[in-house]
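The following exercises concern side-chain contacts, cysteines and the pocket of a predicted model. Each task is followed by a worked solution.

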Amino acid sequence: MKTRPVYIAGGMRTPFVKSLTDYADITTQELMTVALQALVSKMRLDGKILGDVALGAIINSPANWNLSRECILGTTLHANTPGYTLQRACGTSLEAVSQIALKIANMQMDHGIAGGVDTNSDLPIMLQRTMAQKILKMKTSKNFLRKTLAIGSMSPSDFKLEFPSVVEPRTHLSMGEHCEKMVKEWKISRVDQDELALKSHQKSDAAYANGFYDDLVFEFHGIKRDKTIRSDTSMEKLSQLTPAFDHSNKGTLTAGNSSPLTDGAAAVFLVSEEAANELNVPMLARFVDAEVAAVDFVHGEGLLMAPTIAVTRLLQRHHLSLQDFDFYEIHEAFAGQVLCTLKAWESDDYCRRVLRRTTVLGSIDQRKMNIKGGSVALGHPFAATGARIVANLAKILQQDGKGRGLISICTAGGMGVAAILEAV
């Protein structure tokens, strides 16, 4: 089948804020809708029927089962624009970008939007399953006696509420606890993690000061920039923070070198060349390809190491080396995760045993990595991060005028999503 190039025309996102703060009264749907509308306005898509809109959220209420379509109907897009909802943990909106790109490349449509949202301020708090079953039994009972018996069967323990948590169901460990295992295995020091975190804040702050985010982040709720950035942080301040996951004297992951729980939403507009010309929108960068992978973290592999495999497959498919990139966007779920990834690529044993390579991937020039800041500083609204990174990298490539960029995102469930973008 003949395919065609796909381009990133632009992206928009809300400022990212710490959960349970500035967006505490805003629902998941509302947050995604305002980001979608901001992109629609920026790209002048009012009244347009798009090919498709793929949006996702990880912490999502069952009431949002049709999230994408409901968000579309809350914007000035034409009501005939279809939409669907998806989820691939922290790689959700990069997966959404990949799927929309594939549809455009295969000429199923000419344009589409991909995005994601997460807000820990709109948690879907659930009843115990035993309680839910008894309520359903009461609701479906045909007579008063059976309804009364159902009510009478309820015990105090049934009334205990269940709150979503970022814990792996099969290991009962949080992502941070898993990452602690990884940094110990790879012998990543606390100092190195804090240094990477400090650079993330410094680069994020400088990018805002230089106006990089002016057309990528819109003002919302009186907020103009991510409130997770710490402009005044230092190695001294970071070193004073206590471990957040391993409370023994061996823990090295802290609130300072980990991405914070964040509320936010982001969206990206993708087009074919024909659509870009017709709509008079820019082609910032070409979306080349994407890859997903998974590891068996339940039986000991590092939970957040799957991106190393996804990246390897991409490189092999496109006959590229790890050094054939001008920019690297490696999602900073934790500073330690990034450092484990970099060290794995430099390990001859890991490359042979896990990546099944005959040669080592090698090191990258870290001056080219996350040059406008990363998730430790900018924040990480789980399903929004991929769209945030794609929009950032597309603009970086457009400003540079040449080159190639690599994206690597780790996710819950031991998965990884990677992608390649190129300058037009």
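**Exercise 1. Determine which rings carry a charged side chain over the face, and at what distance from the ring centre.**

Solution. Step 1: examine tyrosine 208; arginine 225 lies over its face, 5.0 Å from the ring centre. Step 2: examine phenylalanine 212; the charged end of lysine 395 is placed over this ring, at 4.7 Å from the centre. Step 3: apply the criterion, by which NZ of Lys or CZ of Arg must be within 6 Å of the ring centre and within 35 degrees of the ring normal.

**Exercise 2. Classify the aromatic pair of phenylalanine 245 and phenylalanine 334, and state which parts of the chain the pair ties together.**

Solution. Step 1: a pair of aromatic rings is described by the distance of the centres and the angle of the planes. Step 2: for phenylalanine 245 and phenylalanine 334 the centres are 5.9 Å apart and the planes enclose 85 degrees. Step 3: planes over 60 degrees apart count as edge-to-face, so this pair is edge-to-face. Step 4: phenylalanine 245 belongs to the loop between helix H8 (235–239) and strand E6 (262–271), and phenylalanine 334 to the loop between strand E8 (327–330) and helix H11 (335–345); the pair therefore ties together parts 89 residues apart in sequence. Step 5: phenylalanine 245 is partly exposed, with a relative accessible area of 27%, whereas phenylalanine 334 is buried at 6%.

**Exercise 3. Classify the pair of phenylalanine 325 and tyrosine 328, and identify the cluster that contains Tyr23.**

Solution. Step 1: the ring centres of phenylalanine 325 and tyrosine 328 are 6.0 Å apart, with 55 degrees between the planes, and the pair is tilted. Step 2: both residues, phenylalanine 325 and tyrosine 328, are buried. Step 3: Tyr23 forms one aromatic cluster with Phe218 and Phe220. In total, the structure holds seven aromatic pairs.

**Exercise 4. Explain why cysteine 351 forms no disulfide.**

Solution. Step 1: a disulfide requires two cysteine sulfur atoms within 2.5 Å. Step 2: the closest cysteine sulfur to that of cysteine 351 belongs to cysteine 340 and is 14 Å away, which is too far for a bond. Step 3: the structure holds zero disulfides; cysteine 340 is likewise in none, the nearest cysteine sulfur, in cysteine 179, being 5.7 Å away. Step 4: cysteine 340 is buried, at 0% relative accessible area, and cysteine 351 is buried, also at 0%.

**Exercise 5. Describe the largest pocket by its volume and lining.**

Solution. Step 1: the largest pocket encloses about 910 Å³ of space. Step 2: its lining comprises 34 residues, with Ile59, Ser165, Val166, Val167 and Phe382 nearest the centre. Step 3: the lining residues divide into 21 nonpolar, 12 polar and one charged.

Definitions and conventions: Residues are numbered from 1 along each chain as its sequence is written. This is a predicted model: local features need pLDDT of at least 70, side-chain atom pairs count only at pLDDT 80 or more; totals for chains, interfaces and linings use all residues. Side-chain values use heavy atoms; hydrogens and water are left out. Buried means under 20% relative accessible area, exposed over 50%, partly exposed in between (1.4 Å probe, protein chains only). On a 1 Å grid over the protein atoms alone, a cavity is a set of points where a 1.4 Å probe fits but cannot get out, and a pocket is an open set with protein on both sides within 12 Å along at least five of seven lines; lining residues have an atom within 4 Å of a point. Grid points are joined across faces, edges and corners, and a volume is the space filled by probe spheres set on the points. Ala, Val, Leu, Ile, Met, Phe, Trp, Tyr, Cys and Pro count as nonpolar, Asp, Glu, Lys and Arg as charged, and the others, Gly among them, as polar. Rings of Phe, Tyr and Trp (its six-membered ring) pair if their centres lie within 6.5 Å; planes under 30 degrees apart count as stacked, over 60 as edge-to-face and the rest as tilted. Helices (H or I, at least four residues) and strands (E, at least two) are DSSP runs, numbered from the N terminus.
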